[in-house]
Amino acid sequence: MTVTTIEGGKYAGAAVLGDPMTVRSTLVSVGPQTSSWKMECLHTGTGQAFVSATLGMGFVDCSGNTVDFPSNLDFPIADVASDLAHDESDERKEDAAQPDSPSVTTLVTVYADEIGPSGLLSMGAALRFFERNRTDIIGGGTRLKQIQEAGVLVVVARLTKGYFSPKRNGLMGKKLVCQSEVEFLRRNTTVVFHQFLWSEGRLVAKADVTCVCIRKEGMRICPCPEALFVRMTS
């Protein structure tokens, strides 16, 4: 069983070391080959939500093909028409075209610890590759540290349109290409990274990751620093 989609990912706040946390999963809908789950990470005492998202889950065989749910699962199989409303066919998703002019391309190598028990590239590894690419766009770790020392934080606020190909097997040892297109919104206080992960021209994963600039003093949203805006749009 593997994650195939992420929608409505929200980062509402940061937990503090030692906070008691509860992870809650709620089944939203189920079809013959996919199910949708609302996942939430909550403070056990206050119920405050720190992270939430709706995940599409599916079973795949050894070749990465989506298969029907095992008949012995104890939740009802709904009619195909009630399947995930936001889920498109794998074929249409994998037809996505590579960006003509990506802001920055990051090459990554897949290692054994980034492959899950099913033999598929893990969702966590794909998201880390996206994070590495965003850091490269900003100018690397040194540049990110300079921005923070100048009193501005660039934080992830939302993840939408997440897609993880069921056929992301056989990737160990291979070099993947991570690319992004950058879009500024709301008077340059918000930047959306349209991110793609490719293996030999085949789409492995994609997501839209929204980040906001926050001034440390007062923790208020602020415009992107001019030098960073020029770098990311030139």
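**Notes on strand 10 and its surroundings**

1. In strand 10, Arg202 is the bridge partner of Ser199. That pairing is a handy place to start reading this predicted model, since Ser199 itself sits in strand 9.

2. A bit more on Ser199. With a relative accessible area of 3%, Ser199 is buried, because the cut-off for that label is under 20%. Setting aside neighbours within four places in sequence, Ser199 has contacts with Leu171, Lys174, Leu176 and Val204.

3. Now the two strands as a pair. Strand 9 (residues 190–199) runs antiparallel to strand 10, with 10 bridges between them. They make a hairpin with two residues in between, and Glu200 in that turn has a positive phi of about 50°. If you're checking backbone torsions, Glu200 is one to look up.

4. Strand 10 spans residues 202–215 and is mostly covered, with 11 of its 14 residues buried. Which other strands pair with strand 10? One is strand 7 (residues 152–164), antiparallel to strand 10 and joined to it by 10 bridges. Within that pairing, Lys206 of strand 10 stands opposite Tyr163.

5. The other is strand 11, just residues 220–221, again antiparallel and held to strand 10 by two bridges. Ile214 faces Ile221 of strand 11 across this pairing. Here too there's a hairpin, this one with four residues between the strands, and Gly218 takes a positive phi near 90°.

6. On to the helices. Helix 2 (residues 123–138) packs against helix 4 (residues 226–233) with the axes 9 Å apart and an angle of about 110°. That angle lies in the 65 to 115 degree range, so helix 2 counts as roughly perpendicular to helix 4. On the helix 2 side the contact comes from Asp136, Ile137 and Ile138, and on the helix 4 side from Leu228, Arg231 and Met232. Sorted by class, that's four nonpolar residues, two charged and no polar ones.

7. Finally, a word on confidence. The chain's average pLDDT is 82, and 85% of the residues score at least 70. Residues 76–95 are another story: pLDDT there is below 50, although the stretch has 37 contacts in the model beyond near neighbours in sequence.

Note on methods: Residues numbered from 1 in each chain as written. Predicted model: local features only at pLDDT ≥ 70, side-chain atom pairs only at ≥ 80, totals over all residues. Heavy atoms only, no water. pLDDT = per-residue confidence, 0-100. Contact = heavy atoms within 4.5 Å. Axes fitted to C-alpha atoms, helices over the stretch in contact; angles between N-to-C directions. Parallel < 35°, antiparallel > 145°, perpendicular 65-115°, else oblique. Nonpolar A, V, L, I, M, F, W, Y, C, P; charged D, E, K, R; others polar. Buried < 20%, exposed > 50% of the residue type's maximum accessible area, 1.4 Å probe, protein only. Pairing = 2+ DSSP bridges.
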